[in-house]
Amino acid sequence: MNNFFENLIYSESIRSIVLKLLLSFVVFIFAKVLIYFFAKVLKKVVKTYKKNDHSNIKKVNSIVSILSSVFKYIVYFFVIVIILGIFGVNTYSLIATAGVGGIIIAFGVQSIVKDLFSGVFILLDDQYNVGDDVIINSVSGSVLAINMRNTQIQGYDGSVNTISNGSITTVTNFSKGNQRSVVTFCFPVDVDVEKIKKIISTYSIEFTEKNDSVIKAPEFFGVTEIQSYYIKIAVSLWSKQSTQWNNEKNLREELYKKFKEENIEFLKLEKGDIIV
């Protein structure tokens with residue numbers, strides 16, 4: 001029995017297998033090191049590209065993550081081919097045999113590649129980032145995640161919508177620069193418009209002082225609609241990015257109180273009346 005194990009250990013085939021395993025391990029470690037250094041170099045390059053946007057480290061990390069993943073899959077593909085070659089598998093004939101299947105697969109992954117590169121350019125072009133309030137392909141909400149293949153948007157009702165990056169055609173970003181909001185009120189047709197205008201002008205300074213995110217005092221925008229039994233009056237204000245909805249809500253509530261204090265009557269709807 002001892003002779004059997006000794007012959008097994010010192011046999012040429014066992015030594016060959018051990019050598020091949022060690023060589024395969026070296027190839028794998030080299031691939032891991034290559035991927036690691038590629039990610040570090042890529043991060044420096046992307047940071048240089050985004051040198052005017054130091055605060056947005058999430059964007060840099062997202063770009064590095066996506067491109068590193070692509071590079072990693074390419075490297076691992078060659079690692080598999082090399083290791084198969086080490087163990088004597090004719091990879092050339094294998095690839096040639098799989099040529100037809102590869103063409104079929106290539107057509108199948110076209111959409112994946114399109115999604116992948118679209119995601120990269122979305123980040124490089126700074127179209128939107130995680131946390132931005134957007135409308136993408138008519139889906140509105142906050143960007144929850146930007147992945148290799150898709151973008152996830154959390155709707156304002158809590159729903160999570162997933163859109164493939166390659167299918168994105170229209171992006172409206174509400175978190176880029178200052179934003180304008182318009183608040184409207186409906187009054188009876190005999191309301192004193194000048195009195196309403198004076199109330200808005202008087203209160204706008206106070207509202208701006210109380211809200212640091214308001215960059216321009218609310219203004220009387222004017223009468224935007226006149227019907228037989230009501231008129232619609234609008235008030236506009238400018239806010240810092242991503243604060244417009246909260247300011248709009250606060251302005252609507254505060255002006256409502258001011259109008260009530262000044263005994264301004266609001267439109268009373270009869271049953272079945274609808275105002276859009």
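1. Two strands are taken to pair if DSSP finds at least two bridges between them. With that in mind, the three-stranded sheet of this predicted model can be read from strand S6 (residues 179-187), which is joined to strand S8 (residues 231-239) by nine bridges, the two strands running antiparallel. One point of contact can be named at the residue level, since in S8 it is Trp-238 that serves as the bridge partner of Arg-180.

2. The whole of this open sheet consists of three strands in the order S6-S8-S7, with antiparallel pairing. S6 and strand S7 (214-226) stand at the edges and have a single partner strand each, so one side of each is left without a neighbour in the sheet. From one strand to the next, the twist averages 20°.

3. A second open sheet is built from five strands in the order S4-S3-S2-S1-S5, and here too the pairing is antiparallel. Its edges are strand S4 (160-164) and strand S5 (171-173), each of which has a single partner strand, so that one side of each lacks a neighbour in the sheet. Direction ignored, neighbouring strands of this sheet are turned by 40° against each other on average. Strand S3 (residues 150-154) pairs with S4 in the antiparallel sense over five bridges, and within this pairing Ile-153 has Asn-161 in S4 as its bridge partner.

4. Ten aromatic pairs are found in the structure. For Phe-187 and Phe-259 the ring centres are 5.5 Å apart and the planes stand at 85°, so the pair is edge-to-face, the cut-off for that class being over 60 degrees. This pair links distant parts of the chain, with Phe-187 in strand S6 and Phe-259 in helix H8 (residues 244-261), 72 residues apart. Both Phe-187 and Phe-259 are buried. Elsewhere, Tyr-156, Phe-174 and Trp-245 are linked by ring pairs into a cluster.

5. Four salt bridges are present in the structure. One of them joins the side chains of Glu-254 and Lys-210 at 3.9 Å, N to O, and it links distant parts of the chain, because Glu-254 lies in helix H8 and Lys-210 in helix H7 (residues 193-210), 44 residues apart.

6. Among the salt bridges is also that of Glu-219 with Lys-216, whose closest N and O atoms are 3.9 Å apart. Glu-219 counts as partly exposed at 38% relative accessibility, and Lys-216 counts as partly exposed at 39%. The side chains of Glu-225 and Lys-232 meet in a salt bridge at 3.5 Å, N to O. Here Glu-225, at 24% relative accessibility, counts as partly exposed, whereas Lys-232, at 11%, counts as buried, the limit for a buried residue being under 20%.

7. On the surface, a nonpolar patch of about 490 Å² is made by Ile-17, Leu-21, Ile-80, Leu-84, Phe-87 and Val-89. Helix H2 (12-49) and helix H3 (57-86) are the elements that give two or more residues to this patch. Phe-87, for its part, has its place in the loop between H3 and helix H4 (91-97), and at 36% relative accessibility Phe-87 counts as partly exposed.

Conventions
Residues are numbered from 1 along each chain as its sequence is written. This is a predicted model: local features need pLDDT of at least 70, side-chain atom pairs count only at pLDDT 80 or more; totals for chains, interfaces and linings use all residues. Side-chain values use heavy atoms; hydrogens and water are left out. Helices (H or I, at least four residues) and strands (E, at least two) are DSSP runs, numbered from the N terminus. Axes are lines fitted to C-alpha atoms, for helices over the stretch in contact, and angles run from 0 to 180 degrees between N-to-C directions. Patches are made of residues with over 30% relative accessible area and no salt bridge: like charges are joined within 9 Å, nonpolar side chains (Val, Leu, Ile, Met, Phe, Trp, Tyr) within 5 Å. Accessible areas come from the Shrake-Rupley method with a 1.4 Å probe; for residues, only the protein chains shown count as cover. Buried means under 20% relative accessible area, exposed over 50%, partly exposed in between (1.4 Å probe, protein chains only). Rings of Phe, Tyr and Trp (its six-membered ring) pair if their centres lie within 6.5 Å; planes under 30 degrees apart count as stacked, over 60 as edge-to-face and the rest as tilted.
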